[in-house]
Amino acid sequence: MRRTGFLGLSVIVLAAFGAIGAGHASESVSGQPRILSGDTLVVGGRVVGLYGVAAPGLKQTCLNAKGHGYACGAHSAKALAAHLKDATVTCQIRETDSYGRALSVCHRDKEDLSAWMAEKGLAMAERNRRAAYVGAETVAWGKRLGLWAGSFEDPTERPRTSYLKASTVADAQPEAH
């Protein structure tokens, strides 16, 4: 058995509580969000990814309950934009992903946006590293809401574009009625 000194034990304990590797554990941003996709926003000038969920990409298509194709990625983004309207969002940054997004738990008032997206079937819980929203996703699955009403490709496995460049901003604002 390998022995760990005090420093090594401290590193293990801090990592277990998310204090190491997160890089931004106590940082937060707030403001009116600009929606880039169903799981990515700009808040307070930062590109923020919703922690623990993955929505379809903007160009992704899915099949609805009747087997007809629809733009599920754009639908997910527009639903989030419509839900937030002119709201102020506060995001607690957990870590930065390899695409440059500050993965964050974001709230509108007391509502967790990742949970809302999963409960509506607009995003899937990321089971591989962050299983926090599996219960919320199960609600949507049980009611056959959103993505779960038809068939779709798993958005947790989709390739992404780097958000380190300002040119990757996409317009996903809701259409005026």
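Cys91 is buried, and Cys106 is buried as well. In this predicted model, these two cysteines form a disulfide, with their sulfur atoms 2.2 Å apart. The torsion about their S-S bond is about 115°, so the link between Cys91 and Cys106 is right-handed. The pair connects distant parts of the chain, since Cys91 sits in strand E8 and Cys106 in strand E9, 15 residues apart.

A second bond of this kind completes the picture, for the structure holds two disulfides. Here Cys62 and Cys72 are the partners, and their sulfur atoms are 2.0 Å apart. This link is also described as right-handed, with 60° about the S-S bond of Cys62 and Cys72. Cys62 belongs to strand E6 (residues 62–63) and Cys72 to helix H2, so the bond ties together parts that are ten residues apart in sequence. Both Cys62 and Cys72 are buried. With the bonded cysteines numbered in sequence order, the pairing reads 1-2, 3-4.

It is worth staying with Cys106 and its strand. Beyond its neighbours within four places in sequence, Cys106 is in contact with Leu41, Val48, Leu50, Val89, Thr90, Cys91, Glu111, Asp112 and Leu113. Strand E9 as a whole is mostly covered, with five of its seven residues buried. On one side of the pairing scheme, E9 runs antiparallel to E8, and seven bridges join the two; within this pair, Ile93 stands opposite Ser104 of E9. E8 and E9 make a hairpin with five residues between them, and Gly100 in the turn has a positive phi of about 95°. E9 also runs parallel to E4, to which three bridges join it, and Ser104 is the bridge partner of Leu50. Finally, two bridges join E9 to strand E10 (residues 111–112) in an antiparallel arrangement, where His107 stands opposite Asp112. Two residues lie between the strands of the E9 and E10 hairpin, and Asp109 there takes a positive phi near 55°.

The nonpolar interior can be described next. The largest nonpolar core has 30 residues, of which Leu41, Leu50, Cys106 and Tyr133 touch the most other members. At least two residues of this core come from each of strand E3 (40–43), strand E4 (46–50), H2, E8, strand E9 (102–108) and helix H3 (113–119). The biggest contribution is that of H3, which gives five residues to this core. Another core, of six residues, lies apart from it and has Cys62, Met124, Ala140 and Trp148 among its members.

Helix H2 and the loop after it round off the description. The 13 residues of H2 should span 18 Å at 1.5 Å a residue, and the end C-alpha atoms are indeed 18 Å apart, which agrees. Buried residues of H2 are Cys72, Gly73, Ala74, Ser76, Ala77, Leu80, Ala81, His83 and Leu84. Lys85 follows H2 and has a positive phi, near 40°. Further along, Ala87 is placed in the loop between helix H2 (72–84) and strand E8 (89–96). With the cut-off for burial at under 20% relative accessible area, Ala87 counts as buried because its value is 15%. Outside its neighbours within four places in sequence, Ala87 is in contact with Gly31, Gln32, Pro33 and Arg108. The C-alpha atoms of Ala87 and Asp109 are separated by 8.6 Å, although the two residues are 22 residues apart along the chain.

Definitions and conventions
Residues numbered from 1 in each chain as written. Predicted model: local features only at pLDDT ≥ 70, side-chain atom pairs only at ≥ 80, totals over all residues. Heavy atoms only, no water. Helix = DSSP H or I, 4+ residues; strand = E, 2+ residues; numbered from the N terminus. Buried < 20%, exposed > 50% of the residue type's maximum accessible area, 1.4 Å probe, protein only. Contact = heavy atoms within 4.5 Å. Expected span 1.5 Å × (residues − 1). Core = buried A, V, L, I, M, F, W, Y, C linked by side-chain atoms within 4.5 Å. Pairing = 2+ DSSP bridges. Disulfide = S-S within 2.5 Å.
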